[in-house]
Amino acid sequence: MSAVALASGTARWRFLEMLRFGMEIHHLATLQEEGKAYLEFLRTSELSAGVYRLPAGGTDLQQPHGEAEIYFVVSGRARFSSGTNDVAVETGDILFVHAKE
C-alpha cells in the first residue's frame, strides 16, 4: 500500500488494525483507475478472488474455468449463460457456477 493511500490518520489506523488481525483491504477504485477489466486481489493455495468488470453492453469472452466461480452483480443487469443455462441477472444477484461450466 502506498504512502499516499495511508495519508489520513483514519485510513492508516484501519490498515494497521487489519494487519494486526491478518486481514487485507482492497479498493474497487483500483480496478477503475487502472482501466483493467479484471483485478485479482487474493490468491492462496486454497482460494483466489477477483473482480471482473464489464462496461454496459459489454460481452464476457471468458471460457469455462477449471475451478468453481461466484459472481456478484454490483450494478446493472445482464444475461448470464453457463453450460445450457441462460438467466437474467441484476443488481444484488449472486451466482455460483460449477467448475468447467
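Leaving aside neighbours within four places in sequence, V89 is in contact with V73, G76, R77, A78, F80 and L95 in this predicted model. V89 sits in strand β5, and with a relative accessible area of just 9% it counts as buried, because the cut-off for buried is under 20%. One of the residues it touches, F80, is buried too. Not everything that comes up around V89 touches it, though: the C-alpha atoms of V89 and S75 are separated by 9.9 Å, with their positions 14 residues apart along the chain.

Now for R79, which lies in strand β4. R79 and V89 are 10 residues apart in sequence, yet their C-alpha atoms are 5.9 Å apart in space. Their surroundings don't match, however. R79 has 54% relative accessibility and so counts as exposed, since exposed means over 50%, whereas V89 is buried. With neighbours within four places in sequence left out, the contacts of R79 are D86, V87 and A88.

One of those contacts deserves a look of its own. The side chains of R79 and D86 form a salt bridge, with 2.6 Å from N to O. A search of the whole structure turns up 1 salt bridge, so this pair is the one to look for on the screen. How exposed are the two partners? R79 is exposed at 54%, while D86 is partly exposed at 41% relative accessibility. D86 also has a role in the strand pairing: it is the bridge partner, in β5, of S81.

That pairing brings in the hairpin. Strands β4 (77-82) and β5 (residues 85-90) run antiparallel and are joined by 6 bridges. Between the two strands of this hairpin there are 2 residues, and G83 takes a positive phi near 60°.

Next come the rings. The count of aromatic pairs comes to 1. It is made by Y71 and F80, which meet edge-to-face, 4.8 Å centre to centre and with 65° between the planes. Both Y71 and F80 are buried, and F80 is among the contacts of V89 mentioned above.

What about the nonpolar side chains on the outside? I70, F72, V74, I94 and F96 make a nonpolar surface patch of about 590 Å². The elements giving two or more residues to this patch are β3 (69-72) and β6 (94-97). V74 is found in the loop between β3 and β4. At 55% relative accessible area, V74 is exposed. Something neat shows up in β3: I70 and F72 belong to the surface patch, but Y71 is buried. This fits a general pattern: in a regular strand the side chains alternate between the two faces of the sheet.

Zooming out, the protein has 2 helices and 6 strands, and along the sequence they follow the pattern α-α-β-β-β-β-β-β. Of its 101 residues, 13% count as buried; V89, Y71 and F80 are among the buried ones. The accessible surface comes to about 8200 Å², and 55% of that belongs to carbon and sulfur atoms. As for contacts with a separation of 6 or more, 21% are between residues 24 or more positions apart.

Key
Residues numbered from 1 in each chain as written. Predicted model: local features only at pLDDT ≥ 70, side-chain atom pairs only at ≥ 80, totals over all residues. Heavy atoms only, no water. Patch = residues over 30% accessible without salt bridge, like charges linked within 9 Å, V, L, I, M, F, W, Y side chains within 5 Å. Areas by Shrake-Rupley, 256 points an atom, 1.4 Å probe, with all protein chains shown as cover. Salt bridge = Lys/Arg side-chain N within 4 Å of Asp/Glu carboxyl O. Helix = DSSP H or I, 4+ residues; strand = E, 2+ residues; numbered from the N terminus. Buried < 20%, exposed > 50% of the residue type's maximum accessible area, 1.4 Å probe, protein only. Pairing = 2+ DSSP bridges. Contact = heavy atoms within 4.5 Å. Phe/Tyr/Trp six-rings, centres within 6.5 Å; stacked < 30°, edge-to-face > 60°.
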